[in-house]
Amino acid sequence: MPEMLPEPRTPKQRKQDTLDRLDHDVDLWVASADQEGGPYLMPLSFLWDGACLLLSTAASNPTARNLEASRTVRLGLGLTRDVVLIEGSVETLASEEISQEVGDAFAVKTGFDPRRLRSPYLYFRVTPHRVQAWREVNELKDRDLMRDGVWLVKD
């Protein structure tokens with residue numbers, strides 16, 4: 001007997017579920033590429049401020065080098081059957097460029113404070129340009145929640 005799919009969520013519910021994940025989830029997958037297009041995938045913790053995501057990683061690792069060079073990223077949040085994909089532009093920030101308040105909020109949410117580590121860490125502010133979310137094939141049609149930095153679903 002074929003498995004029945006749950007009813008698709010409304011776009012408004014899908015947006016709310018996405019915002020809830022951004023507020024409460026701690027980790028996501030960061031997909032970047034080097035100058036030759038070689039892909040690199042790494043999990044990182046993040047802080048969502050309602051408009052942008054803040055990530056941090058060691059300045060020496062491939063993700064940091066790729067994000068600095070390309071200034072673009074694709075992020076994956078959640079499971080394959082409940083996924084949020086975010087494409088965005090990247091701004092690189094040194095620890096000194098992060099306010100005490102933002103640095104503290106990042107440390108509380110993620111459980112680590114890059115400002116206190118001996119090796120140099122960078123922060124990366126990701127401004128979303130496209131956000132997609134779906135659970136099953138019946139939600140693919142309306143998966144775009146944001147395009148060109150504008151939410152398609154109003155509150």
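Guide: Let's start with a definition: strands count as paired when DSSP finds at least two bridges between them. Strands themselves are DSSP runs of E with at least two residues, helices are runs of H or I with at least four, and both are numbered from the N terminus. By the way, this is a predicted model, where local features need pLDDT of at least 70 and side-chain atom pairs need 80 or more, while totals for chains, interfaces and linings use all residues. Residues are numbered from 1 along each chain as its sequence is written, and side-chain values use heavy atoms, with hydrogens and water left out.

Visitor: What makes β7 and β8 a pair?

Guide: Two bridges join β7 to β8 (residues 150-151), and the strands run antiparallel. The cut-off is at least two bridges, so they qualify. Within this pair, Met-146 sits opposite Trp-151 of β8. The hairpin has two residues between its strands, and Asp-148 there has a positive phi near 55°.

Visitor: Which strand is on the other side of the pairing list for β7?

Guide: That's β6 (residues 121-134), joined to β7 (residues 144-147) by two bridges, again antiparallel. Met-146 turns up here too, as the bridge partner of Val-131.

Visitor: How do you know that β1 and β2 pair?

Guide: Count the bridges: β1 (residues 27-33) and β2 (residues 39-48) share seven, in the antiparallel sense. One of the partnerships is Val-30 with Met-42 in β2. Five residues lie between the two strands of this hairpin, and Gly-37 in the turn has a positive phi of about 90°.

Visitor: What joins β2 to β3?

Guide: Three bridges do, with the strands antiparallel and β3 covering residues 53-58. Leu-47 has Leu-54 in β3 as its bridge partner. This hairpin has four residues between the strands, and its Gly-50 has a positive phi near 100°.

Visitor: Why is Asn-66 called buried?

Guide: Buried means under 20% relative accessible area, exposed means over 50%, and partly exposed is in between (1.4 Å probe, protein chains only). Asn-66 has 8%, so it is buried. This residue belongs to helix α2 (residues 62-70). Contact means heavy atoms within 4.5 Å. Beyond its neighbours within four places in sequence, Asn-66 contacts Ser-32, Ala-33, Asp-34, Tyr-40 and Arg-71.

Visitor: And why does Lys-109 count as buried?

Guide: Its relative accessibility is 18%, so Lys-109 goes in the buried class. You'll find Lys-109 in helix α3 (residues 100-110). Leaving out residues up to four places away, it touches Leu-22, Asp-23, His-24, Asp-25, Val-26, Phe-46 and Leu-47. Lys-109 and Asp-25 are 84 residues apart in sequence, yet their C-alpha atoms are 9.1 Å apart in space.

Visitor: What is the overall pattern along the sequence?

Guide: It goes α-β-β-β-α-β-β-α-β-β-β, which gives three helices and eight strands.

Visitor: How do you know how compact the protein is?

Guide: Take the radius of gyration over C-alpha atoms and set it against the globule rule, 2.2 Å times the number of residues to the power 0.38. The protein has 16 Å, close to the 15 Å the rule gives for 155 residues, so it is as compact as a globular protein of that length. Of those 155 residues, 43% count as buried.
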